[in-house]
Amino acid sequence: MSLHHSTLTFEPMPKVEETNPGMKPLEFNCLVLPRVIQRQRASGIFVPETAAAREDEGGDEGLLVSVSPLAFNEQDFPDPAAIPGIGQHVMFARYAGKSFVGADGRVYRVMKDKEILGVRTAAAAPAKVAA
């Protein structure tokens, strides 16, 4: 995680059932809902739009919403038990995939299965990382 994460807080992630991307991934693609920066902190201070936009565009963590039938389906996958599942919080390559606005107005990313780097093993991702 880069250092600028230490000063940012993120909006709570919805449940998969609460999302509606309006798109089904094909071939080896996955749909991820990246986490979104809270534009206003509890103290009332607003995060500068440039910092928020930079993090939104280059975010590297999100909720796995949908997976195509071919994704993570290679015979030589190193550990079949480690295949990411829908509803898990995943880490992905910075600037990975293509962003689009879903039917519910949220910004999603469609990306190749290989761009997903790992799965969070903790119960939930921290809302704020201490410096």
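This is a short talk through the fold, the sheet and the buried core of one protein chain.

Okay, hi everyone. Before anything else, keep in mind that what you see is a predicted model. Let me start with the big picture. The chain has 131 residues, and 35% of them count as buried. There's one helix and there are six strands. Going along from the N terminus, you get β-α-β-β-β-β-β. On the outside, the chain exposes about 7800 Å², and 58% of that comes from carbon and sulfur atoms. And if you take the contacts with a separation of 6 or more, 75% of them are between residues 24 or more positions apart.

Now, the sheet. In what order do the six strands sit in it? Reading across, the order is β4-β5-β1-β2-β3-β6, the sheet is open, and the pairing is antiparallel. So which strands are at the edges? Those are β4, residues 98-101, and β6, residues 116-119, and each of them pairs on one side only. On average, neighbouring strands in this sheet are turned by 45° against each other, ignoring direction.

Let's walk through part of that sheet, starting at β1. β1 and β2 are antiparallel and share five bridges. Val 32 is the residue opposite Leu 64 of β2. Moving on, β2 and β3 also run antiparallel, this time with three bridges. There, Leu 63 has His 89 of β3 as its bridge partner. Then β3 pairs with β6, antiparallel again, over three bridges. Phe 92 and Ile 116 of β6 are bridge partners. Hang on to that last pair, please.

Next up, how covered is β2? Mostly: six of its seven residues are buried. Leu 64 sits in this strand, which spans residues 61-67. Leu 64 has a relative accessible area of 0%, so it counts as buried. And look at what's around Leu 64: beyond its sequence neighbours within four places, the contacts include Val 16, Cys 30, Val 32, Pro 84, Ile 86, Val 90 and Ile 116. If you want a distance to check on screen, try Leu 64 to Met 91: they're 27 residues apart along the chain, and their C-alpha atoms are 9.6 Å apart.

That brings us to the core. As a general point, nonpolar side chains in soluble globular proteins tend to be buried together. Here, the largest nonpolar core has 10 residues: Cys 30, Val 32, Leu 64, Ala 71, Phe 72, Val 90, Phe 92, Ala 96, Met 111 and Ile 116. Which elements give two or more residues to it? The answer is β1, residues 29-34, and β3, residues 89-92. There's also a second, separate core of seven residues, and Leu 33, Val 65, Phe 100 and Val 110 are among them.

Back to Ile 116, from that pair I asked you to remember. Setting aside residues up to four places away in sequence, Ile 116 touches Cys 30, Val 32, Leu 64, Phe 72, Pro 84, Val 90, Met 91, Phe 92 and Met 111.

Now for a few loop residues. Ser 68 is in the loop between β2 and β3. Is Ser 68 buried or exposed? With a relative accessibility of 3%, and the cut-off for buried being under 20%, Ser 68 counts as buried. A polar atom of the Ser 68 side chain lies 2.3 Å from the backbone oxygen of Glu 27. Further contacts of Ser 68, outside four places in sequence, include Pro 25, Leu 26, Phe 28 and Asn 29.

Last thing: backbone angles. Most residues other than glycine have a negative phi. Phe 72 isn't a glycine, yet its phi is positive, at about 55°. This residue is also in the loop between β2 and β3, and with a relative accessible area of 8%, Phe 72 is buried. Tyr 95 has a positive phi too, near 65°. Where is Tyr 95? You'll find Tyr 95 in the loop between β3 and β4. Unlike the buried Phe 72, Tyr 95 is exposed, with 52% relative accessibility.

That's my tour, thanks for listening.

Key. Residues numbered from 1 in each chain as written. Predicted model: local features only at pLDDT ≥ 70, side-chain atom pairs only at ≥ 80, totals over all residues. Heavy atoms only, no water. Core = buried A, V, L, I, M, F, W, Y, C linked by side-chain atoms within 4.5 Å. Buried < 20%, exposed > 50% of the residue type's maximum accessible area, 1.4 Å probe, protein only. Helix = DSSP H or I, 4+ residues; strand = E, 2+ residues; numbered from the N terminus. Contact = heavy atoms within 4.5 Å. Areas by Shrake-Rupley, 256 points an atom, 1.4 Å probe, with all protein chains shown as cover. Polar contact = N/O pair within 3.5 Å; in protein donor to acceptor, adjacent residues only side chain to side chain. Pairing = 2+ DSSP bridges. Axes fitted to C-alpha atoms, helices over the stretch in contact; angles between N-to-C directions.
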